[in-house]
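Subject: Structure handover

Hello,

Here is the structure I said I would pass on. My notes on what was found follow it.

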Amino acid sequence: MSLNLNLNLPIMKSTTSSVVEEKFRSYYESWVKQLEIHLQQLVLGRQPNHDIVVATMTAHHKDYYTAKWAAAHDDILAFFSPQWESPLESAFTWVTGWKPSMAFRLVDSLRRTRAPLTSLAQLTDEQAKKISELGVKIRLEEKKVERELERQQVAMGDLKMVELARVASRVDVNETSRVDELVSKAMKGMLEGLERVMKMGDYVRLKTLKGVLDLLNPRQKLDFLAVFAMIQIQIRKWGKQKAANNALNLITLV
């Protein structure tokens with residue numbers, strides 16, 4: 001995994017959860033539980049129609065982004081320092097989510113290790129070539145997102161922000177409304193920029209999922225979605241367990 005870019009944002013945020021955070025925390029817990037149910041049905045083969053299973057799983061992922069974008073519009077900062085994630089999950093986070101190029105490393109790893117329980121070990125050379133080509137394109141798009149995030153970070157120290165600081169340092173009581181107006185304008189632009197960066201990252205994630213699935217046969221699609229879901233679920237479980245153990249150790253020390 002690469003550098004966790006969202007940790008670099010120089011933004012002060014209250015540790016008190018907002019209404020948006022509490023609602024999304026509840027939604028996310030339900031979403032992960034439903035993902036586990038879909039995974040169990042997939043692994044147990046309860047749904048013989050591969051297309052239906054793939055459609056159900058992809059729809060579940062799309063629902064997540066629909067809910068995420070709606071919540072982020074009301075509180076974008078919540079997604080750059082999510083209270084519903086464990087430190088372990090945050091360590092694997094790239095611009096508020098999983099890094100798209102991870103999917104290509106996953107496919108390549110399963111193919112090269114010849115994992116016996118996955119059809120991805122039987123990728124044809126043509127499939128492997130096309131997936132590799134897609135991976136190159138996706139990595140270029142990741143870099144675009146990272147550059148835009150960097151641009152947003154740098155913008156916080158541009159001339160407008162410097163001017164705001166200069167005005168605030170010499171303002172008198174009668175000009176506080178002007179300072180408030182400048183602060184509000186600067187914050188609005190910054191938050192809109194962060195929301196734009198988040199959506200850029202999410203679009204690359206969705207493009208990656210669709211692109212990889214389009215290159216796989218029905219059985220391979222199921223196996224890819226199954227392994228992908230397992231990773232998401234296990235990282236969350238391990239993260240929550242680690243956080244619980246740390247809390248228990250802290251109580252013991254006290």
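**Helices and overall fold**

Helix 1 has 26 residues, and from its first C-alpha to its last it reaches 38 Å, close to the 38 Å expected at 1.5 Å a residue. Please bear in mind throughout that this is a predicted model. Buried residues in helix 1 are Val 20, Glu 21, Phe 24, Tyr 28, Trp 31, Val 32, Leu 35, His 38, Leu 39 and Leu 42. As background to such a list, an α-helix has 3.6 residues a turn, so residues three or four places apart point the same way.

The protein chain contains 9 helices and 0 strands. Its pattern along the sequence reads α-α-α-α-α-α-α-α-α. Of its 254 residues, 40% count as buried. If contacts in the protein chain are restricted to residues at least 6 apart in sequence, 81% of them join residues at least 24 apart.

Helix 5 covers residues 101-113, and at 1.5 Å a residue these 13 residues should span 18 Å; the end C-alpha atoms are 18 Å apart, which agrees. Its buried residues are Ser 101, Met 102, Ala 103, Phe 104, Leu 106, Val 107, Leu 110 and Arg 111.

**Cavities**

The whole structure was searched for cavities of 30 Å³ or more, and 3 were found. The largest cavity has a volume of about 410 Å³. Its lining consists of 26 residues, and those nearest its centre are Tyr 28, Glu 85, Gly 97, Trp 98 and Gln 232. Two or more lining residues come from each of helix 1 (19-44), helix 2 (50-74), helix 8 (176-214) and helix 9 (218-253). Helix 9 gives the largest share, 6 residues. Sorted by class, the lining of the largest cavity has 15 nonpolar, 5 polar and 6 charged residues. Tyr 28, named above among the residues nearest the centre of the largest cavity, is also one of the buried residues of helix 1.

The second largest cavity has a volume of about 40 Å³. It is lined by Tyr 64, Phe 79, Pro 82, Trp 84, Glu 85 and Thr 96. By class these are 4 nonpolar, 1 polar and 1 charged. Glu 85 appears in the lining of the second largest cavity and is also listed for the largest cavity.

**Salt bridges**

The search of the whole structure gives 18 salt bridges. Three of the pairs are described here.

Glu 29 pairs with Lys 240, with the closest N and O atoms 3.6 Å apart. Glu 29 is in helix 1 and Lys 240 in helix 9, so this salt bridge ties together parts that are 211 residues apart in sequence. Glu 29 is partly exposed, at a relative accessible area of 23%, and Lys 240 is also partly exposed, at 42% relative accessibility. Both residues belong to a network of salt bridges that links Glu 29, Glu 89, Arg 236 and Lys 240.

Arg 111 forms a salt bridge with Asp 125, and here the closest N and O atoms are 3.2 Å apart. This pair links distant parts of the chain, with Arg 111 in helix 5 and Asp 125 in helix 6 (residues 125-155), 14 residues apart. Are its two members buried or exposed? Arg 111 has a relative accessible area of 19% and is buried, because the cut-off for buried is under 20%. Asp 125 counts as exposed, with 62% relative accessibility.

Arg 196 forms a salt bridge with Glu 148, the closest N and O atoms lying 3.7 Å apart. Since Arg 196 is in helix 8 and Glu 148 in helix 6, the pair ties together parts that are 48 residues apart in sequence. Arg 196 is partly exposed, with 39% relative accessible area, whereas Glu 148 counts as buried at 14% relative accessibility.

**One further pair of positions**

Glu 146 is another residue of helix 6. At 24% relative accessibility, Glu 146 counts as partly exposed. The C-alpha atom of Glu 146 is separated by 8.4 Å from that of Val 197, and the two residues are 51 residues apart along the chain.

Regards

Technical notes:
Residues are numbered from 1 along each chain as its sequence is written. This is a predicted model: local features need pLDDT of at least 70, side-chain atom pairs count only at pLDDT 80 or more; totals for chains, interfaces and linings use all residues. Side-chain values use heavy atoms; hydrogens and water are left out. On a 1 Å grid over the protein atoms alone, a cavity is a set of points where a 1.4 Å probe fits but cannot get out, and a pocket is an open set with protein on both sides within 12 Å along at least five of seven lines; lining residues have an atom within 4 Å of a point. Grid points are joined across faces, edges and corners, and a volume is the space filled by probe spheres set on the points. Helices (H or I, at least four residues) and strands (E, at least two) are DSSP runs, numbered from the N terminus. Ala, Val, Leu, Ile, Met, Phe, Trp, Tyr, Cys and Pro count as nonpolar, Asp, Glu, Lys and Arg as charged, and the others, Gly among them, as polar. The expected span of a helix is 1.5 Å times one less than its number of residues. Buried means under 20% relative accessible area, exposed over 50%, partly exposed in between (1.4 Å probe, protein chains only). A salt bridge is a side-chain nitrogen of Lys or Arg within 4 Å of a carboxyl oxygen of Asp or Glu. Contact means heavy atoms within 4.5 Å.
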